[in-house]
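Here are three short exercises to try on the structure shown below. Have a go at each one before you read its solution.

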Amino acid sequence: LKQNPKEMDCLKKSSLFSLPIFLLYFSITLSFNNGVNASHKVFPGLQSTSTVDVKNVHRTGYHFQPPKNWINDPNAPMYFNGVYHLFYQYNPYGSVWGNIVWAHSVSTDLINWIPLEPGIYPSEVFDKYGTWSGSATILPNNKPIILYTGIVDAKNTQVQNYAIPADISDPFLRKWIKPDNNPLIVADVSINKTKFRDPTTCWLGEDGYWRTLIGSVWGKQGLAILYKSKNFMKWTKVQHPLHSVDGTGNWECPDFFPVLLHGSNGLDASYNKKNIKHVLKVSLDVTRFEYYTVGKYDTKKDRYIPDKTSIDGWKGLRLDYGNYYASKSFYDPSKNRRIMWGWANESDTVNDDVKKGWAGIQTIPRKLWLDPSGKQLVQWPVEELEALREQKIQLSNRKLNKGDKIEVKGITPAQADVEVTFSFSSLDKAEPFDPNWANLYAQDVCAIKGSTVQGGLGPFGLLTLASQNLEEYTPVFFRVFKAQDKYKVLMCSDASRSTLKNDKTMYKPSFAGYVDVDLTNKTLFLRSLIDHSVVESFGAGGKTCITSRVYPTLAIYDNAHLFVFNNGTETIKIKSLNAWTMGKPKMNWSFGHSSY
């Protein structure tokens, strides 16, 4: 923050710099936390270790990430007066979590970004120990306002503050101010004040009251605490939470929004008319996954009731079955859509992050809507991403017998966008689904039935970021099972063979989810966004999404390969395959603040 002495002075006065940091924050150390460090885990000796030499191996080519240092949660994404804004948690001084400010970038297309000076940083008594996640709301007078969580003391007491633009006429909204009447919301005695954070985008009810949710926990009961306000300045806690679930642990980064029953258009958070459902998403601090339910919002009782088809808990629907956390959505009125941003942390070690000088990326923003079945969301990369497509290769009507693989040549496999439709003539060879797997997570089944385990109908799919002789590869594939009364489609993104690096502390999971898809036409569609150390995959048009972080040693740059494979006895046809080399977006970091 060298260019602004006042900002630097505020940060130096902050206890983030003057007190032992280990007194400030908690960390999650449970073994089943998705193998990824919690975003608030503290490394006192490393958080201000400056980056001397940034290692470019494994840095992404077209995903959002600053040139160096740590990033985590996307904050308060919004569209305002023709400009997209992305704030995100950022450490200006090192590549592990700590010293967090709200970095700020703007774009007109969600792909090419201009970095600006941090929008929010610790500077006041109500946030001097930390400025954590929050959301943006566009008020009826077309004025944006941000609610965010501030840390007020060394005991980790959390309050909810607001910030507004210093100059509403500035198209980039570079400067934000925090008025003196902060904090707006303080936890009462019934709330765990150290786990009371991440206010949602607010919505306006028919009664004229604004409402927002704040994630929390009481005992082991996850809570979406509901507050309401007539004037946005004075907030009152509703007697009961909007929703809560026993045994789920702390709820972070809640998100609550309406979706149309039909069509893919998005809705403003305040929309509440006929032919809609509501979605409640929470980030579970214990598991480090994103869960959601589809249901009904009872506006008279101010309660959310999940549909009977939505499992409310750890075995429920996930936005993404891989390395994806702390997501935040917003309504884009320019294209009448809802867009979701998510964060993908590293899966290597903290020491690796320090050595390479960076950690964390934002995944490609996704448009989301309700599936026609009404049971789940569908997600798809925003259409603007296609502007980065360059060299193209096509395959069609190519057969894959058991053990076959075909290399996809003519593109850059380390930085690619691949769409493939698989077809098969029969479901008869689908393997029986073992009843003992009924209580297992899909990830566990994928670990048992990996890409090298011969099957009937599958496994078939892509071998991404592969070395020439397959010493390393990350397979993304389908396998079809026959259950008692239906077929079950398993989709996997398996990092277990992604690298030859012999480090037992590196997290290399077999991420997986089931795909609720009609197989009447005997086809399955897969799209994978491959970008050096990340593979984002979308099954069946976006019904199941999986993000993997991987770190190959051989399959890097021009030595990476891409194959299509089948290891099942049923012959698979590549009905169509389209693959593109992906270009790099324009990220003019030199235009931005010196902290980047």
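Before we start: strands here are DSSP runs of at least two residues, numbered from the N terminus. Keep in mind that this is a predicted model.

**Exercise 1.** Find which strands stand at the edges of the open sheet of six strands.

Solution.
- Step 1: Write down the strand order, which is S27-S39-S29-S35-S36-S37, with antiparallel pairing.
- Step 2: Look for strands with a single partner; these are S27 (389-400) and S37 (544-549), so one side of each is left without a neighbour in the sheet.
- Step 3: Add the twist, which averages 15 degrees from one strand to the next.
- Step 4: Zoom in on one pair. Strand S29 (residues 415-424) and strand S39 (residues 572-582) are joined by nine bridges in the antiparallel sense. Ala416, for example, has Thr581 in S39 as its bridge partner.

**Exercise 2.** Locate the cis peptide bonds that lead into Pro183 and Pro459.

Solution.
- Step 1: Recall that most peptide bonds are trans.
- Step 2: The bond from Asn182 to Pro183 is cis, with omega near -5 degrees. Pro183 sits in the loop between strands S8 (176-177) and S9 (185-186).
- Step 3: From Gly458 to Pro459 the bond is also cis, with omega near 15 degrees. Pro459 lies in the loop between helix H4 (442-448) and strand S31 (460-466).

**Exercise 3.** Decide whether Asn99 is buried or exposed.

Solution.
- Step 1: Place Asn99 in the loop between strand S2 (83-90) and strand S3 (101-107).
- Step 2: Note its positive phi of about 55 degrees, although Asn99 is not a glycine.
- Step 3: Buried means under 20% relative accessible area. Asn99 has 2% relative accessibility, so Asn99 counts as buried.

Key: Residues are numbered from 1 along each chain as its sequence is written. This is a predicted model: local features need pLDDT of at least 70, side-chain atom pairs count only at pLDDT 80 or more; totals for chains, interfaces and linings use all residues. Side-chain values use heavy atoms; hydrogens and water are left out. Two strands pair if DSSP finds at least two bridges between them. Helices (H or I, at least four residues) and strands (E, at least two) are DSSP runs, numbered from the N terminus. Axes are lines fitted to C-alpha atoms, for helices over the stretch in contact, and angles run from 0 to 180 degrees between N-to-C directions. Buried means under 20% relative accessible area, exposed over 50%, partly exposed in between (1.4 Å probe, protein chains only).
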